Amino acid sequence: MTAQETTLIDVLEGRRATYQLLTRFFRTEVDEAFLAALRETRFPAHTGEASMDRGHRLVVSYLSHADADVLSDLARDFSGTFIGSGNDAYSAAYPFESVYTNPKRLTMSDARDEVLMLYRAAGLEKLESEKESEDHLSFELEFMTILIDRTIEALRKDDEELAVSYLLQQRNFLEDHLLRWYPMMADDVAKFAKTAFYRGVGLITLGFLESDGEFLDDLLADGEDESEKEGEE
């Protein structure tokens, strides 16, 4: 493995850690263990991405001023922001791709079938869920984590062709799914979240997904340029 590949693995591990954090944010309420971990996390002040930087400031500020009722307050806001009253499809930032890509904002529609097919094609039956639809944001974020894991493994085995195929899968999944609908959900998070914490989470997620799409575009473009140069020699 070359020094360049080692550096890329370091970058991929950072991406994986961020996707894991985002997955946890949206999967369920903050508990004591997660709160303790968040308080130990050093969120960067300047990433160069405006939405992420605003989100980090909101989360850090909220955590630094949180009182003894913080878990109750966050649980209430998680429910109000992501579950809503259940009266209609416009009362919360429902974390399902189908809601934002179906004209009637119906869950369990085409988007769910599409991502489920991708999970199965990748051999990930375990991402199927009895509790939540498979197009839940946390599952889609987890899928990215798994693809990054596979990329790292391929690089460690010096299988560059396989690593590139996993990077392509990540870029395609971002473009065809996460970036296709999450920006609309981010608008709803800003609308419905009552705490600075979840407003910040919404912004961090938006900024990271957009910057990650740009990262993958640049990385794959560089790889194509290198291949063309090798072909000319």
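This passage describes the overall fold, the salt bridges and a charged surface patch of a predicted model.

The protein chain contains nine helices and zero strands, so that, read from the N terminus, its elements follow the order α-α-α-α-α-α-α-α-α. Along the principal axes, the C-alpha atoms occupy a box of roughly 65 × 40 × 30 Å. The radius of gyration of the protein chain is 19 Å, which agrees with the value near 17 Å for a compact globule of 233 residues, and buried residues account for 45% of these 233 residues.

The count of salt bridges comes to 13. In one of them, the side chains of R156 and E13 meet with an N to O distance of 2.8 Å; this pair links helix α7 (residues 137-156) with helix α1 (residues 3-27), its two members being 143 residues apart. R156 counts as partly exposed at 48% relative accessibility, and E13 likewise counts as partly exposed at 25%. A salt bridge also joins E97 and R180, whose closest N and O atoms are 3.8 Å apart; because E97 lies in helix α5 (residues 97-101) and R180 in helix α8, this pair ties together parts that are 83 residues apart in sequence. Here E97 is buried, with a relative accessible area of 0%, whereas R180 is partly exposed at 44%. Through salt bridges that share partners, E13, R16, D149 and R156 are joined into one network.

On the surface, D110, E114, E175 and D176 form a negative patch, to which α6 (110-121) and α8 (160-192) each supply at least two residues. D110, which is placed in helix α6, counts as exposed because its relative accessibility is 55%, the cut-off being over 50%.

Methods. Residues numbered from 1 in each chain as written. Predicted model: local features only at pLDDT ≥ 70, side-chain atom pairs only at ≥ 80, totals over all residues. Heavy atoms only, no water. Patch = residues over 30% accessible without salt bridge, like charges linked within 9 Å, V, L, I, M, F, W, Y side chains within 5 Å. Areas by Shrake-Rupley, 256 points an atom, 1.4 Å probe, with all protein chains shown as cover. Salt bridge = Lys/Arg side-chain N within 4 Å of Asp/Glu carboxyl O. Lys, Arg positive; Asp, Glu negative; His and termini not counted. Charge placed at Lys NZ, Arg CZ, Asp CG, Glu CD. Helix = DSSP H or I, 4+ residues; strand = E, 2+ residues; numbered from the N terminus. Buried < 20%, exposed > 50% of the residue type's maximum accessible area, 1.4 Å probe, protein only. Rg over C-alpha atoms; globule rule 2.2 N^0.38 Å.
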